[in-house]
Structures are given as C-alpha cells and as structure tokens.
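Let's take a friendly walk through a protein model together. Keep the structure open beside you and look up each part as it comes along.

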Amino acid sequence: MKELLERKKGLRRKVLIVDDEAIEREMLGDMLSDLYETGYAGNGREALDTIRDESAAISLILLDLYMPKPDGYDLLKIIRGDPALRRIPVIVLTAEKGSEVECLQMGAADFITKPYDAPEVIRARVGRSIELAEDSVIIHETQRDELTGLFNKEFFFEYGKLLDSQNGNTPMDAVIVDINRFRIVNELYGRAYGDMVLKKIGVGIHSLVNKTGGLACRFDSNSFCLYVPHDEKLREKLPDYISQVRETLGGARITVRIGVYSDDGSTDEMERRFDRAKLACRKLRNTYSTGFNFYNSELHEKELYAERLISDIDTALAEGQFRVWFQPKYDISGDKPRIASAEALVRWAHPEFGMISPGIFIPLFEDNGLIHKLDSYVWNNAAAEIKRLRDSYGITLPVSVNVSRVDIFDPRLGDELTEIVTANGITENELLLEITESAYTDDSRQIIDTVSALRERGFRIEMDDFGCGYSSLNMLTSLPLDALKLDMKFIRHITDRPKDSRLVSIMIEIARLLEVPVIAEGVETREQAELLKKMGCDIIQGYYFSKPLPAEGFEALIKTEKGGLLC
Ligand code: C2E
Ligand code: CA
Ligand code: CA
C-alpha cells in the first residue's frame with residue numbers, strides 16, 4: 001500500500017513488453033521509454049519468470065496474444081488467476097480485432113491493435129490503465145481489513161446503507177460475532193496465534209457471506225459484523241455454521257458469542273439493527289462458552305427503558321433525583337466494632353419508576369459516556385457529607401466513593417478530585433477512592449500511572465471487587481493501593497463452602513503480603529463476621545452491621561455510635 005502510494009507520487013513505473021517479434025518490442029519500447037522504465041520478454045516462459053520475480057515493481061504488462069506456447073492467452077489466465085499478480089493490469093496486443101471481447105472477458109485491462117496507432121494514443125492508453133489499476137488497489141486496500149480481508153467498519157456501513165437504498169424492502173439480518181476473552185488468547189498464546197484465529201474466522205465468515213449474499217466486516221479487534229439477507233431458518237442453521245468454523249480452528253479453545261437482530265419487517269437503519277444485535281450479544285453473560293442470542297421483544301422493552309433513563313439523566317441531576325446513601329464500614333480488629341469509614345452509594349428516586357438501583361443505571365451510563373456527570377455529583381455530595389459530619393459532630397470520618405473505569409481515562413480526574421476536596425473544606429485522605437480490580441486489566445499501564453498520580457496527591461485507593469479481575473500476584477505488588485475489598489461473592493458461602501473460606505484466607509494472605517488492610521463486603525450474618533475476624537480481616541461492610549442509609553439515617557447512626565468514633 002505504502003509502496004503504491006509512493007509510486008503514485010510520480011516515481012517511474014515499469015512496463016513489461018512481451019512479444020516474440022523483436023521489432024515489435026522495440027517499437028513499443030521506443031514509444032514508452034521516455035515515460036516508463038521498460039522491460040522485455042521474447043516468449044511466454046521468460047515473461048512469466050520476470051513477472052514472478054518482479055511482480056511488485058511491474059506496473060503494467062503489454063502482452064502479445066500470439067506467441068509459441070505458452071501464448072498470451074495462457075499468460076493472461078495465469079496472471080488473473082494468481083492473487084499475487086492479479087493487480088497488474090494487462091493490455092493485450094494483437095492484429096486480430098475479433099479477440100477483443102474474449103480478452104476483455106478474461107480480465108485484460110485494455111486492447112491495442114497492430115499496426116500501432118500514433119505513439120500518443122498508445123501512451124495515453126498505458127497511462128490510463130496504470131492509473132485505474134493503482135486507484136482500484138488503493139480503494140480495495142483502504143476498504144479492507146488487512147488481516148482478514150473483510151471490509152473495514154466504515155466501508156461496511158457505507159456499502160450496507162447503499163445496498164439498503166438500492167434493495168428497497170429486502171429484509172436483512174444483522175449478526176455480530178464476538179470472540180470471547182480474545183485479549184487473554186493473545187496473552188496466553190501470542191499475537192501470531194491470535195492473528196491466525198482472526199484470519200480463520202474471517203475466512204469462515206467470508207465463505208458464509210458469499211453463499212448467502214450480503215456483506216461482512218471486521219468490526220473491532222475481536223468482533224465481526226455480518227449483514228445478510230433475512231433467513232427464517234437462521235436460528236436452526238447457526239449451530240452448523242459455528243461448528244464449521246470451529247473445525248477450521250482445529251483444537252483451539254476459542255469460543256464466540258453471537259448476537260442476532262433478525263429482520264422483523266421493520267424499516268430500522270442498519271446501525272440500529274447492529275446496536276440491537278450487539279445488545280443481544282451482550283446479554284449472553286457467559287464469556288467462557290459459545291452461545292447465541294436473538295434480539296426479542298423483552299430486550300426491546302429493556303432497551304426502551306434504558307433509553308428513557310438515559311434521556312432523563314440531566315433532569316434528574318438538575319432536580320436532585322439522585323440521592324447519595326451511605327453504608328458504614330466497621331473496624332473489627334479491636335474488642336468492639338467501630339465505624340471506620342463509609343461508602344457512598346447512589347440511588348435514583350425516579351418520579352415515575354420509583355427508587356432505581358445503581359446496578360441498573362450505572363452500567364448504562366458507563367456505556368453511554370454519562371457516568372462522569374453522575375460520579376462528579378456523588379463525589380461532591382460525599383465530600384460535603386464528610387465536612388458536615390465534622391462540623392456537626394466533631395468527627396473525621398473518611399468516605400469512599402466509586403470511581404468508574406471510564407473516569408480514570410479522563411486526564412482531568414486528579415485536578416477535579418482535588419478541586420472537590422478543596423471546595424468542600426476537607427483533605428485528600430478523607431475521600432477514599434474505590435476502583436474496581438477489573439479496571440486495572442484493561443490497559444494496565446495507563447491506569448496504574450493515573451492511580452499512582454492520584455495517590456501522590458494524597459488520595460487513598462481501595463481496590464474494589466478484589467478476586468473478580470485477573471490481577472496476577474506480580475502485578476498486584478506493583479499496583480498503587482491502600483486496601484483490598486474482597487468481592488461479595490466470596491463472602492456469601494464462606495461459612496458453608498470450605499473452598500470459599502480457603503479462597504478468602506488466601507486473599508487475606510495476599511493483603512498481608514502487600515501490607516494493606518482487607519475489607520470484606522456483603523457480610524450478612526454474625527457467623528460470617530466472626531469467621532472473618534478469626535481469619536484476620538480488618539474491616540467489614542454489610543447488612544449485618546447496616547444497610548446503606550440515606551444521609552439522615554446515616555447521621556442518626558453516627559450520633560448513636562459517636563462514643564466509639566475517632567475524634
Ligand atoms: P459495589 O461498589 O460493589 O457496592 C456494593 C454493593 O453491595 C452495593 O449495592 C451495596 O448496597 C451492596 N451491599 C452492601 N452490603 C451488602 C450485603 O450485606 N448483602 C448484599 N446482598 N448486598 C450488599 P448497590 O448500592 O446496589 O450498588 C451496586 C453497584 O453500583 C456498586 O457495587 C457500584 O459498582 C455501583 N455504584 C453504586 N454507586 C455508584 C456511584 O456513585 N458511582 C459508580 N460509578 N458506581 C456506583
Ligand atoms: Ca464500591
Ligand atoms: Ca464491591
């Protein structure tokens with residue numbers, strides 16, 4: 001590609017003249033050698049050798065049809081049939097006008113009859129053929145994903161829409177194929193292996209699209225889109241298609257999730273169909289096995305609900321519909337548990353839908369780039385609450401806030417948090433930052449740098465949902481953190497599943513190694529609390545001590561427990 005663009009910029013192109021008559025070769029050479037570098041071959045075999053050796057350098061071939069075997073016809077067939085040579089345009093030379101159509105059908109770019117016309121005409125035809133061929137290669141290459149040969153995303157959508165506008169009402173299905181945990185595949189087996197997987201899946205998709213009609217593209221690093229004529233039986237056929245592609249992958253343990261938006265006669269835009277296929281795909285939560293899911297009316301309802309929540313966020317912020325609740329974290333290392341800090345958790349008192357849990361709207365806002373507005377609001381509220389508690393009760397109670405993975409990519413994050421603590425009259429070490437473990441595995445270097453910078457400013461970092469991400473021990477030792485928060489799912493069965501309690505003790509060991517305290521979250525019973533204390537856990541958060549409380553309720557709790565609080 002680069003090479004071609006360079007050549008477009010005016011380097012001399014090479015033209016190969018193939019004719020068994022020396023006089024004819026010379027005549028053509030004389031006409032072209034001031035504009036082009038010329039090469040010559042006096043028979044088919046010699047021509048083929050030169051073409052193979054210099055295929056990258058040759059811009060055009062002038063080919064005499066009638067030569068001893070292999071003749072011009074044979075050569076043309078070979079060139080057109082070889083993917084490495086196909087891009088070279090061939091202009092056929094012959095005294096016989098009748099073969100024109102046949103040669104053009106065989107893929108010749110143009111035709112020049114003997115005896116030759118004026119040199120200007122020949123030069124113009126050569127020039128035009130070279131330009132057309134180079135343009136088409138450039139277009140072809142910019143339309144395609146280099147690795148798989150499928151369309152790239154931009155052209156895919158452009159062509160798809162063009163197809164829709166030409167095809168009128170032909171119903172089309174949108175299919176999205178997502179390779180599960182592809183990043184891990186790359187990490188475990190290397191990039192070359194990952195590329196091989198992509199190529200093979202690409203080939204499978206290509207052949208499917210060729211069979212059924214339609215288009216396909218590589219959508220991003222690990223997913224593909226197919227836009228194919230509607231097929232009533234797609235649901236039944238999918239398992240077959242999947243196992244065909246699987247076979248080509250041999251023993252590779254690759255699994256995919258497939259989301260389908262099957263045309264129901266709607267006139268939706270292509271992009272929207274793919275959004276829906278994507279949604280159906282996302283709903284397949286199991287990322288360890290192959291599965292598919294069709295967009296349906298239930299998903300449609302959920303989608304409408306989600307859209308409604310998204311469109312309501314600004315009004316909700318302006319009208320104070322979001323409420324910040326607080327859940328205390330108890331230090332259990334002493335004789336008597338005492339409140340050590342709290343976590344700020346947001347709720348939405350929606351005027352129509354009632355109280356909505358963050359588990360519903362947070363992921364939605366994270367996907368739509370809206371989370372930052374809400375998080376800022378919560379951080380400010382939490383900071384104000386810390387100040388209020390100090391002013392009213394003379395206590396310093398740190399409060400942790402959740403920092404979304406998306407927030408961490410914002411270069412202004414540190415400044416913003418500092419501004420918030422300053423504006424609210426508190427200090428950096430009172431606003432604790434909870435960052436989920438899985439955030440670190442996305443793009444660890446950048447995240448580690450950002451989080452280290454936050455820590456240098458004086459913020460303390462708690463790693464949330466510990467045990468759910470993929471941090472290696474090695475990585476953990478280099479992470480900037482001040483506490484580990486064990487994920488709730490390990491606590492749930494800690495008293496009745498020996499495996500879970502062993503896991504928790506290992507995680508507590510790790511925290512010891514890192515010299516940071518451990519917070520156990522989701523503790524609901526006395527048995528769990530006692531066992532955790534015995535295991536050496538430092539801090540407990542959970543319904544056993546208190547559910548998250550509205551600010552007033554939390555203040556009431558502080559008042560009753562004030563005696564045991566740090567002053
Ligand atoms: P998380 O950060 O892991 O928060 C802990 C969740 O566990 C909270 O759910 C809390 O109410 C719940 N929980 C606490 N103790 C117990 C217990 O003993 N048993 C059970 N079953 N659950 C317990 P919540 O408030 O629904 O929040 C869910 C998630 O939403 C949070 O998980 C967090 O990831 C996210 N979230 C909440 N508020 C915010 C926020 O302001 N910003 C961001 N970015 N995310 C938030
Ligand atoms: Ca949290
Ligand atoms: Ca958590």
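## Strands side by side

I61 has V90 of β4 as its bridge partner. This is a predicted model, so please read every value below as computed from it. Strand β3 (residues 58-64) and strand β4 (residues 90-94) pair in the parallel sense, over four bridges. Strand β1 (residues 14-18) is also joined to β3, by five bridges, and these two strands run parallel. Here K14 is matched with I58 in β3. How many of the residues of β3 are buried? Seven of its seven residues are, so the strand is described as mostly covered, with buried meaning under 20% relative accessible area.

## An open sheet and its helix

Now look for an open sheet of six strands, in the order β6-β8-β9-β7-β10-β11 and with mixed pairing. Which strands form its edges? They are β6 (151-152) and β11 (291-294), each of which pairs on one side only. Strand β10 (residues 256-261) runs parallel to β11 and is joined to it by four bridges. Within this part of the sheet, I258 stands opposite F292 of β11.

Helix α7 (residues 153-167) packs on the sheet, where it touches β6, β7 (172-179), β8 (215-220) and β9 (223-229). The direction of α7 makes about 145° with that of β8.

One residue to find in helix α7 is Y159. Is Y159 buried or partly exposed? With a relative accessible area of 27%, Y159 is partly exposed. Leaving out residues up to four places away in sequence, Y159 touches Q143, F151 and L215. Y159 and L215 are 56 residues apart in sequence, and their C-alpha atoms are 8.3 Å apart in space.

## Two helices in contact

Next, find helix α8 (residues 182-189) and helix α9 (residues 191-212), which pack at an angle of about 135° with their axes 6 Å apart. That angle makes α8 oblique to α9. On the α8 side, the contact is made by F182, V185, N186 and Y189. On the α9 side, the residues are R191, Y193, G194, V197 and L198. What kinds of residue make up this contact? Six are nonpolar, two are polar and one is charged.

## A pair of calcium ions

The next stop is a pair of metal sites. The table shows the protein donors of each ion, with the donor atoms in parentheses.

| Ion | Protein donors | Distance from the ion |
|---|---|---|
| calcium ion (ligand 2) | E343 (OE), N402 (OD1), E434 (OE) and D464 (OD) | 2.1 to 2.4 Å |
| calcium ion (ligand 3) | D464 (OD), D465 (OD), E521 (OE) and E521 (OE) | 2.3 to 3.2 Å |

Which residue coordinates both ions? It is D464, and the calcium ion (ligand 2) and the calcium ion (ligand 3) are 4.1 Å apart. D464 is buried, with a relative accessible area of 7%, whereas D465 counts as partly exposed at 22% relative accessibility.

The donor residues can also be followed along the sequence. For the calcium ion (ligand 2), they are spaced E-x58-N-x31-E-x29-D. E343 lies in strand β13 (residues 338-350) and E434 in strand β16 (residues 431-436), so the pair ties together parts that are 91 residues apart in sequence. Both E343 and E434 are buried. For the calcium ion (ligand 3), the spacing of the donor residues is D-D-x55-E.

## More buried strands

Strand β15 (residues 399-403) holds V399. How accessible is V399, and what does it touch? V399 is buried, with a relative accessible area of 0%. Not counting neighbours within four places in sequence, V399 has contacts that include F326, A342, A382, I386 and the calcium donor E343. V399 and V451 are 52 residues apart in sequence and 18 Å apart in space, C-alpha to C-alpha.

Finally, turn to strand β17 (residues 461-466), which runs parallel to β18 and is joined to it by three bridges. M463 has L484 as its bridge partner in β18. Strand β18 (residues 483-486) is covered on both faces. A483 and K485 on one side, and L484 and L486 on the other, are all buried.

Technical notes
Residues are numbered from 1 along each chain as its sequence is written. Chains are lettered from A and ligands numbered from 1 in the order in which they are written. This is a predicted model: local features need pLDDT of at least 70, side-chain atom pairs count only at pLDDT 80 or more; totals for chains, interfaces and linings use all residues. Side-chain values use heavy atoms; hydrogens and water are left out. Axes are lines fitted to C-alpha atoms, for helices over the stretch in contact, and angles run from 0 to 180 degrees between N-to-C directions. Angles under 35 degrees count as roughly parallel, over 145 as roughly antiparallel, 65 to 115 as roughly perpendicular and the rest as oblique. Contact means heavy atoms within 4.5 Å. Ala, Val, Leu, Ile, Met, Phe, Trp, Tyr, Cys and Pro count as nonpolar, Asp, Glu, Lys and Arg as charged, and the others, Gly among them, as polar. Donors are N, O and S atoms within 2.8 Å of the metal (3.2 Å for Na, K and Ca); water is not among the atoms, so sites may look incomplete. Buried means under 20% relative accessible area, exposed over 50%, partly exposed in between (1.4 Å probe, protein chains only). Two strands pair if DSSP finds at least two bridges between them.
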